[in-house]
Amino acid sequence: MRVVMVGTGYVGLVSGACFADFGHTVTCIDKDEGKIARLLDGVMPIYEPGLDALVARGVAEGRLFFASDGRAAIAQADAVFIAVGTPSRRGDGHADLSYVRAAAEEIAALVTGFTVVVTKSTVPVGTGDELEAMIKRVHPAADVAVVSNPEFLREGSAIEDFKRPDRVVVGLEDERARGVMAALYRPLSLGETPLMFTDRRTSELIKYAANAFLAMKITFINEIADLCEKVGADVGQVSKGIGLDKRIGPKFLHAGPGYGGSCFPKDTLALARTAVDAGSPLRLVETTAAVNAARKQGLADRVAAAMDGEVRGKTIAILGLTFKPNTDDMRDAPALDLVPALNAMGAHLRVFDPQAHEARQLLRGVAFEEGPYEAVAGADAVVILTEWDQFRALDLARVKDLVREPVMIDLRNVYRPEEMRALGFRYASIGRG
Ligand SMILES: NC(=O)c1ccc[n+]([C@@H]2O[C@H](COP(=O)([O-])OP(=O)(O)OC[C@H]3O[C@@H](n4cnc5c(N)ncnc54)[C@H](O)[C@@H]3O)[C@@H](O)[C@H]2O)c1
């Protein structure tokens, strides 16, 4: 199959490189010419484990191409994927579809022969209908089938997720697209990944419903964690105790600082908007988004409480800034709430993240350090904000020697309270009595 990815971000680049690895011929295009130039030089625009090797293999074997001008590739394509961003629209929380519409308009003018246009971007219910109408308007003779194929990969394990997903969802209205989509994902169906075909609107909603459910699950355990603190229970044990019930399952029950990232915050808001507009509000989802936002806004108070309420003039080390480990993505990361709030309270911040280049663009008034031990030197408190592996195995005796005050606020429950206390730390964590 000849495939084009319009948008070479997280999803477009990973999907494109994986499709090329499946044996298809893939051209990834992006309007960001600098990004394409770097990719042509073998420089990855994002940090994702294994991606550089996968891209290098696709390029070396002549199946993966990058271009800022997609005209020729689109004209020859069997399938053109739209993998551009759908951020929150400022003000109302709706998904901003301007990038998707612009991409569809460009594609419409260029397709020749029967072409499947696939929305891989997360788009609200009805977007496929809208794009189909738009393509027909721009290019009445275009022979296209617009298909929904939402992406479920997680940053940090994106390649594994793409190649071994729990399921692939395809929503279509034109049966001619079924064969093309089945051929694209053939290596997965051979591996017995369920390929679920449904109608386009249902497919669009599946993506939002999945993300909203996961966001709700995290928010649920976060609220249970707060209750644990009040009543002297251990949220880790509660998670285990409920997660062993197969109807509940153990995943996404890890209490923490509140979810961030490029998807859950914007997708919960967008789904809630869609539901209100449709006259069928989703109160659980609305509440989830509000509870999570308040949790992140309250992180600085949590830190201050662990420091006897006074952070002015104190030095605080923050370990981890990205919204989760193994990515450099800072979109809606809890650090974006915590750092400015602690700054405003008058704290001096020394921070370290193994992938800090995005964070450096976004966070002001902090000292970026070269490693965890440099960051904690002289600190009055250490905050673990992202559970990178290297923070799970700190030399705690060394940390204790380096800090001014042995106070640790572990927002990811990486360490055990009794061990930390035995080492002489004043240790605060989430939901553990
Ligand atoms: N990041 C994730 O983990 C993830 C997971 C599942 C689904 N999604 C969804 O996938 C979509 C893309 O997300 P992302 O994180 O990859 O976004 P991203 O911001 O990393 O990448 C989008 C890319 O599209 C490019 N672009 C925009 N308009 C273009 C155009 N007209 N032509 C060519 N290129 C264009 C941008 O320059 C950018 O490089 C979103 O809808 C998101 O919700 C993301």
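Biologist: What makes strand E4 (residues 79-82) and E5 a pair?

Modeller: Two strands pair if DSSP finds at least two bridges between them. Four bridges join E4 to E5, so the two count as paired, and they run parallel. One partnership links Ile 82 to Thr 119 of E5. The strands themselves are DSSP runs marked E of at least two residues, while helices are H or I runs of at least four, all numbered from the N terminus. This is a predicted model, in which local features need pLDDT of at least 70 and side-chain atom pairs pLDDT 80 or more, while totals for chains, interfaces and linings use all residues. Residues are numbered from 1 along each chain as its sequence is written, and side-chain values use heavy atoms, without hydrogens and water.

Biologist: Why is strand E5 (residues 115-119) called mostly covered?

Modeller: Buried means under 20% relative accessible area, exposed over 50%, and partly exposed in between (1.4 Å probe, protein chains only). Five of the five residues of E5 meet the buried cut-off, so the strand is called mostly covered. Thr 115, Val 117 and Thr 119 lie on one side, with Val 116 and Val 118 on the other.

Biologist: How do you know that Lys 266 makes a polar contact with the ligand?

Modeller: A polar contact is a pair of N or O atoms within 3.5 Å; within protein, one must be able to donate a hydrogen and the other to accept it, and residues adjacent in sequence count only if both atoms are side-chain atoms. A polar side-chain atom of Lys 266 lies 2.6 Å from a ligand oxygen atom, so the pair qualifies.
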